[in-house]
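This report covers the main pocket of one protein chain and then the chain as a whole.

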Amino acid sequence: MDSNWAAEHLQTIRTLMERSAVYRRALAPTMLGAGAIGLGFGALGWFRGGDNPKGFILLWLGAAIIGLATALSVIRRQAFSDTEPFWSSPTRRVAQAVLPAFIGGAALGMAALGPIPVDLSVLISLWTLLYGCGLHAAAFFMQRGMRWLSWLYIIMGSLFLLLQGFGRSVAVDVRSASLTMGLVFGAGHLLYGVYLWLTEPRKSP
């Protein structure tokens with residue numbers, strides 16, 4: 001093993017651990033924003049109704065893009081306010097950790113837009129499972145709460161698949177699919193964001 005590579009790798013890990021508090025401060029508004037977006041799109045999908053699965057998929061791919069853009073904007077602003085570079089080596093490590101699962105989720109959504117009919121319950125299950133795996137990979141660089149959240153999504157996605165196998169679908173139509181997505185990705189993020197905000201150490205005046 002190259003000694004320079006090993007030293008750089010250890011320094012990156014040490015820097016990530018030292019900045020975990022900074023990431024935690026950025027996570028609270030990021031999770032609150034993601035929760036609001038999830039609930040908003042869930043409500044939009046519920047009230048739109050309809051029976052077009054592809055419309056549902058496009059709706060939630062759009063929600064994912066908006067959620068990601070919002071998260072990057074919040075993290076960028078937090079980094080600048082703490083006089084930290086945004087696209088630093090530690091940030092690249094986190095991005096590389098979540099990228100495989102997120103690419104898989106995007107590819108799954110794009111494939112579901114094809115001519116072959118897709119089971120929305122299975123799609124939601126796999127999206128939830130992949131998202132949990134992505135969070136779990138990123139949680140290595142963060143505090144324990146992110147690992148708990150990642151396991152929550154992994155367990156939910158796994159349970160959704162098991163229910164599907166026993167004929168208990170979590171999404172029987174487009175409206176129920178939007179409701180499920182809103183609760184999973186909206187309420188889940190919102191509750192975690194509130195937890196982070198309430199437990200965030202306050203600076204002394």
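In this predicted model, the largest pocket has a volume of about 1400 Å³. Its lining is made up of 41 residues. Those that lie nearest the centre of the pocket are Ala-64, Gly-67, Leu-68, Phe-102 and Tyr-131.

Five elements, listed in the table, each give two or more residues to the lining of the largest pocket.

| Element | Residues |
|---|---|
| helix H2 | 20–48 |
| helix H3 | 53–81 |
| helix H4 | 89–112 |
| helix H5 | 120–139 |
| helix H7 | 174–199 |

Among these elements, H4 supplies the largest share of the lining, with 11 residues. By residue class, the lining of the largest pocket holds 35 nonpolar and 6 polar residues, and no charged ones.

The protein chain around this pocket contains 7 helices and 0 strands. Read from the N terminus, the order of its elements is therefore α-α-α-α-α-α-α, helices being counted as DSSP runs of at least four residues.

The protein chain has 205 residues, and 40% of them count as buried, the cut-off being under 20% relative accessible area. Taking contacts between residues at least 6 apart in sequence, 80% join residues at least 24 apart.

As for the surface, the protein chain exposes about 11500 Å². Carbon and sulfur atoms supply 70% of that exposed area.

Key:
Residues numbered from 1 in each chain as written. Predicted model: local features only at pLDDT ≥ 70, side-chain atom pairs only at ≥ 80, totals over all residues. Heavy atoms only, no water. 1 Å grid on protein atoms, 1.4 Å probe; cavity = no way out; pocket = protein on both sides within 12 Å on 5 of 7 lines; lining within 4 Å. Points joined across faces, edges and corners; volume = space filled by probe spheres on them. Nonpolar A, V, L, I, M, F, W, Y, C, P; charged D, E, K, R; others polar. Buried < 20%, exposed > 50% of the residue type's maximum accessible area, 1.4 Å probe, protein only. Contact = heavy atoms within 4.5 Å. Areas by Shrake-Rupley, 256 points an atom, 1.4 Å probe, with all protein chains shown as cover.
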